[in-house]
Amino acid sequence: MSRQTPAQRYLATAQDTPEAAARRLLEVYRLAIQAAIDHKPEGIRYCLELLRSNLRPDPNPELALSLLALYQDCESAALAGDFANAAEILESIRGYWLARMRLDQVITEPAFQPPPEST
Amino acid sequence: MERLTTRQIEDFNNPMAFARDRVTRIGQQTIGLITNRPIRTNDIEQSFRLVTGASERLETLENNLNTMLQLAREGQRANTPRKLQEVYGKLRSLSAGFDQVVDAIKFNGQTVFKGNDLFLSLGPGARPLQVEASKLLTYGDKSLNLSTADPTADVRVTYRTDDLILNSGYSIVGLDIDDAAFIRGSNIALELEDGDYKIAVSYMGKDSSVEIRSLTGTLIERRDNVDLSGEGREWVDFDVGVRLTFAKEQFLQSIDKYDFEELGPARLSATMSYRRVDAHLLRTLEEPPKPDSASFLFNTPLQTADSKLALSNPRISPVNPTRQALDSGSYVLEVEYFGKNSVIRLSDGLGRLKAFQFGVDLTESGTRRIDLGVGLSFDLEVDNFTNMGAKLVAPVEFQRDRTALEDFDFRKYAKRITDAIGVVIEQRERIDKAKERIEEINQLRNLASTQALPSSLAFNSTNALTLLNGGGDNSLFRPASPTARLNNMANQLFGTTTALPTQANITPQSLNQARMASASGWLNTFS
């Protein structure tokens with residue numbers, strides 16, 4: 001099986017809607033948070049590895065770097081046994097993604113409808 | 001409001017009370033582009049503070065209008081002139097205060113409620129919120145129509161140290177500039193700029209001259225042949241729109257004020273300050289006030305082949321402070337010729353004597369100005385007239401600007417206040433709706449960590465008003481996460497449209513594997 005380029009991989013996943021992709025992302029965070037709650041460092045590492053491998057720096061390098069650093073913080077906390085901190089970081093990141101999704105929905109609806117033009 | 005004293009009522013009804021500074025010349029329009037640009041906020045925090053502060057101030061304005069409505073109703077029931085004056089004075093004060101509050105609601109130095117739309121930023125990725133802002137001033141076009149801005153000027157004459165030093169060089173007695181005033185209806189193109197000017201008087205009895213000069217000595221306007229001799233008052237009108245009132249006294253029989261024939265003219269100095277203002281008046285008449293005017297309805301001189309007694313040039317003149325001003329209406333002017341003891345009478349339509357001058361010397365031929373001191377003056381021409389007992393009669397139509405209170409209809413004003421309250425309530429509803437919208441957007445954006453979020457309680461009125469007053473640098477929207485990294489990440493997440501392709505690339509297969517691993521308790525992972 002030939003190795004896919006990043007662009008091909010993105011296109012393969014982007015065949016479904018952006019909402020579905022975002023929901024899958026949220027689900028991975030949820031699994032990671034659950035692993036932190038259950039004090040399962042291997043689960044946290046699995047999820048973080050999955051997130052790292054699916055990180056694409058091309059669209060937004062700064063965001064990718066920030067996320068990488070945060071995942072590193074989270075992994076360090078998990079390895080040190082500070083599961084509460086790891087869960088908090090993951091919960092925050094998940095919350096931002098969730099807010100971003102909802103915001104995208106809200107801003108597509110106009111705040112105040114312009115008055116109908118008189119004919 | 002408590003009862004006002006007589007002095008307070010007088011102060012409240014002074015035409016110059018509550019006057020506002022006027023930047024432009026009378027009739028001059030300001031450039032619309034500068035004053036009518038929309039107001040834009042830079043971020044969601046500014047937007048929230050603006051609407052919160054504006055909502056608070058609108059509540060104050062609504063309360064102010066409700067007080068004015070109560071007063072207007074009180075005015076409808078008032079049946080004494082004093083009570084009417086008191087209520088009118090209070091309404092003037094409250095409406096001026098209302099404008100001050102509206103003017104104080106500023107954002108980046110721009111008044112918020114002057115009819116310019118507001119564009120409230122909701123942060124990156126969201127379209128700004130457009131809110132219509134009414135013009136809430138009580139005066140001007142498209143405003144609440146509760147007052148009028150009457151262009152006038154505050155003119156005062158004082159003697160400064162340099163004037164006193166100059167004047168002390170002449171031992172002149174019995175001459176003083178008593179008053180200075182703005183002349184309504186003067187040539188607006190010549191109106192003086194705000195500032196100080198010098199009044200230079202060259203006293204030579206009946207042939208004196210008065211000049212207005214700039215502080216650097218440049219002549220602005222000069223009036224010659226001003227009669228500053230004798231006793232009484234002399235009004236000097238300048239085309240620049242200033243009227244000076246000279247008070248004259250003659251203490252000595254031999255010398256009138258100063259021996260200019262022996263010593264040359266006395267050159268006196270005074271300082272005049274001129275400030276353009278808009279008087280704050282409450283009117284309920286729809287049409288603008290009629291200009292002052294005086295005219296003879298018909299005027300037939302008494303004349304023979306070689307003699308003549310004629311009236312001409314009726315005009316409005318300043319009222320002597322010791323006399324009562326004439327009301328608008330029709331009057332009859334009579335001149336009875338008795339040589340040195342001629343009589344001039346002014347009676348109203350019912351024959352009541354309104355003004356008179358006895359002992360007027362009309363023996364010398366020539367034209368003289370007669371000022372009755374009640375607001376009417378005219379020229380009287382005598383040419384070899386000797387017919388004792390002759391009577392010249394001329395009906396006069398006299399129109400004087402009535403005070404705003406005389407034509408004030410409290411019922412009509414109460415109706416206007418009710419309409420204004422409706423406008424303010426409507427504006428407040430629009431602002432509150434915008435506030436809810438901003439809160440909603442902010443809540444969604446900060447859903448991740450609610451413990452560090454600025455809550456509605458944090459947006460108290462003090463903070464909001466600080467921003468409206470142009471200050472305040474303590475940020476309410478503090479970092480939404482305890483770590484700076486999370487903060488950075490959040491900014492990047494919301495500040496771009498490329499966030500999703502950066503991370504949301506997980507395939508369904510990968511997710512299924514993760515779910516299975518989780519279900520198995522993460523066994524055999526990373527062996």
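In the predicted model, buried residues account for 44% of the 119 residues of chain A. The secondary structure of this chain comprises five helices and zero strands, and the order along the sequence is α-α-α-α-α. Among the contacts of chain A with a separation of 6 or more, 54% are made by residues 24 or more positions apart. The chain exposes about 6500 Å², of which carbon and sulfur atoms supply 54%.

Buried nonpolar residues were examined next. In soluble globular proteins, nonpolar side chains tend to be buried together. The largest nonpolar core of the model contains 98 residues, and the members that touch the most others are A:I93, A:W97 and B:F113. Helix 3 of chain B, spanning residues 44–77, provides the largest share of this core, with 12 residues. When neighbours within four places in sequence are left aside, A:W97 is in contact with A:L25, A:L26, A:Y29, A:L63 and A:L67 in chain A, and with B:L493, B:A499, B:L500 and B:Q503 in chain B. Another core, of 29 residues, lies apart from the largest one; its members include B:L175, B:I212, B:L268 and B:M272.

The cysteines of chain A were considered with respect to disulfide formation. A disulfide is a covalent bond between the sulfur atoms of two cysteines. Over all chains, the structure holds zero disulfides. For A:C47, the closest cysteine sulfur is that of A:C74, at 9.7 Å, which is too far for a bond, given that a disulfide requires sulfur atoms within 2.5 Å. A:C74 is likewise in no disulfide, the sulfur of A:C47 being the nearest to its own. Both residues are buried: the relative accessible area is 0% for A:C47 and 1% for A:C74.

In chain B, five strands form an open sheet with antiparallel pairing, in the order 15-23-18-19-20. The edges are occupied by strand 15 (293–296) and strand 20 (353–360); each has a single partner strand, and therefore one side of each is left without a neighbour in the sheet. Neighbouring strands of the sheet are turned by 20° against each other on average, with direction ignored. Strands of a sheet pair through backbone hydrogen bonds, either parallel or antiparallel. At one edge of the chain B sheet, strand 15 runs antiparallel to strand 23 (residues 391–399), and the two are joined by four bridges. Within this pairing, B:A294 has B:F398 of strand 23 as its bridge partner.

Definitions and conventions. Residues numbered from 1 in each chain as written. Chains lettered and ligands numbered in written order. Predicted model: local features only at pLDDT ≥ 70, side-chain atom pairs only at ≥ 80, totals over all residues. Heavy atoms only, no water. Pairing = 2+ DSSP bridges. Axes fitted to C-alpha atoms, helices over the stretch in contact; angles between N-to-C directions. Buried < 20%, exposed > 50% of the residue type's maximum accessible area, 1.4 Å probe, protein only. Contact = heavy atoms within 4.5 Å. Areas by Shrake-Rupley, 256 points an atom, 1.4 Å probe, with all protein chains shown as cover. Core = buried A, V, L, I, M, F, W, Y, C linked by side-chain atoms within 4.5 Å.
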